[in-house]
Amino acid sequence: MTDPAPLNSRPFVFDTEFDGAGTVVRPSSFKPAKRSYLPAEVDALVAQGRLEAREAALAEVESIRAMALSAIGQTLASAAPALTQVAQAHREQAVDLALAAARVIAAASLDRLPTGPLQSALEALGQEIDATPRLVIRAAGLDDAARTSLQALCADAGFSGLVAFREDPALPLAAFQLEWADGRADFDPAAAAERISIALASALAAEAGHAESLASAQSSPGVTSHGR
């Protein structure tokens, strides 16, 4: 009985080819395993191994970095709507706080100088009323000193006609109505504050991307003038 060949055995193959004259046509590709290395060869192999290990480690780090950046991007994308809502809520709260503070300041200012808006309106409307023969001022609580001051202000603005005062107790503090030949103007602090609130709400809605057309928000929050 023939013993089987070892598993790691290699059958003899004479793969060198010669021509008829004995010249090698194709050399053998067989290379015996190297059993010993010189110190320089060992150092070169170690350096090569270190280089390959370093390149493999850098590739792995780059792969981990790419996966981490992808995970961060996904997290930010999923958190963006919530962050947008938080930012919008912060804006709305800031606007509410600013409006509350403005109302307190405005109320104190109007208590101290209730004719301030009327004086500003007369200065702004100077060119419109300078040629009219008569100006009617409707307001509440105008004493003689205030009326004298307003008449002087009209004169300074170039108005040389008659100034007629009409007491209207129904008008709130600092509110007034002006009437002249070809126009009129009025002011109501509460209505002005409401228009400002609507304008700010419209601006916030525009930032949030769902603004609605509010005609009242487009009007001036101050004196409303009407031509005839």
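**Exercises on a predicted fold**

Setting aside the neighbours of T132 within four places in sequence, T132 is in contact (heavy atoms within 4.5 Å) with F159, G161, W180 and A181. The model is predicted, so that local features need a pLDDT of at least 70 and side-chain atom pairs count only at pLDDT 80 or more, whereas totals for chains, interfaces and linings use all residues. Residues are numbered from 1 along each chain as its sequence is written, and side-chain values use heavy atoms, with hydrogens and water left out.

**Exercise 1. Describe where T132 sits and which polar contacts its side chain makes.**

Step 1. Begin with the position in the chain: T132 belongs to the loop that connects α3 (126–129) with β3 (134–139), where helices (H or I, at least four residues) and strands (E, at least two) are DSSP runs numbered from the N terminus.

Step 2. Next, consider accessibility: T132 has a relative accessible area of 7% and therefore counts as buried, a word that stands for under 20% relative accessible area, while exposed means over 50% and partly exposed lies in between (1.4 Å probe, protein chains only).

Step 3. Finally, look for polar contacts, which are pairs of N or O atoms within 3.5 Å; within protein, one must be able to donate a hydrogen and the other to accept it, and residues adjacent in sequence count only if both atoms are side-chain atoms. The T132 side chain comes to 3.1 Å from the backbone nitrogen of A181, and a polar atom of that side chain lies 3.5 Å from the backbone oxygen of R134.

**Exercise 2. Set out the order of the elements and say how many residues of the protein are buried, as a percentage.**

Step 1. Count the elements: the protein has five helices and seven strands.

Step 2. Read them from the N terminus on, which gives the order β-β-α-α-α-β-α-β-β-β-α-β.

Step 3. Turn to burial and contacts: of the 228 residues in the protein, 20% are buried, and among contacts between residues at least 6 apart in sequence, 69% join residues at least 24 apart.

**Exercise 3. Find which residues touch the most other members of the largest nonpolar core, and then follow one of them outward.**

Step 1. A nonpolar core is a set of buried Ala, Val, Leu, Ile, Met, Phe, Trp, Tyr and Cys residues joined through side-chain atoms within 4.5 Å. The largest one has 22 residues, of which L122, L135, I137 and L178 touch the most other members.

Step 2. Two or more residues of this core come from each of α2 (116–124), β3, α4 (144–156), β4 (162–167), β5 (176–180) and β6 (183–187), and α4 provides the largest share, with four residues.

Step 3. Follow L178: once residues up to four places away in sequence are set aside, L178 touches L118, A121, L122, L125, L135, V136, I137, G183, R184 and A185.

Step 4. Compare this with α2, in which G116, P117, L118, A121 and L122 are buried, and whose buried residues pack against α1, α3, β3, α4, β5 and β6.

**Exercise 4. Three loop residues are T115, A157 and P172. Decide for each of them whether it is buried or partly exposed.**

Step 1. T115 is found between α1 and α2; because its relative accessible area is 14%, T115 is buried, and beyond four places in sequence T115 touches L142 and A146.

Step 2. A157 is found between α4 and β4; because its relative accessible area is 30%, A157 is partly exposed. Beyond four places in sequence A157 is in contact with L122 and G126, and the C-alpha atoms of A157 and A124, which are 33 residues apart along the chain, are separated by 8.9 Å.

Step 3. P172 is found between β4 and β5; because its relative accessibility is 36%, P172 counts as partly exposed. The C-alpha atoms of P172 and A139, 33 residues apart along the chain, are separated by 8.3 Å.

**Exercise 5. Explain what stands out about the phi of A174.**

Step 1. Recall that most residues other than glycine have a negative phi.

Step 2. Although A174 is not a glycine, its phi is positive, at about 75 degrees.

Step 3. Place the residue: A174 lies in the loop between β4 and β5, and because its relative accessible area is 7%, A174 counts as buried.
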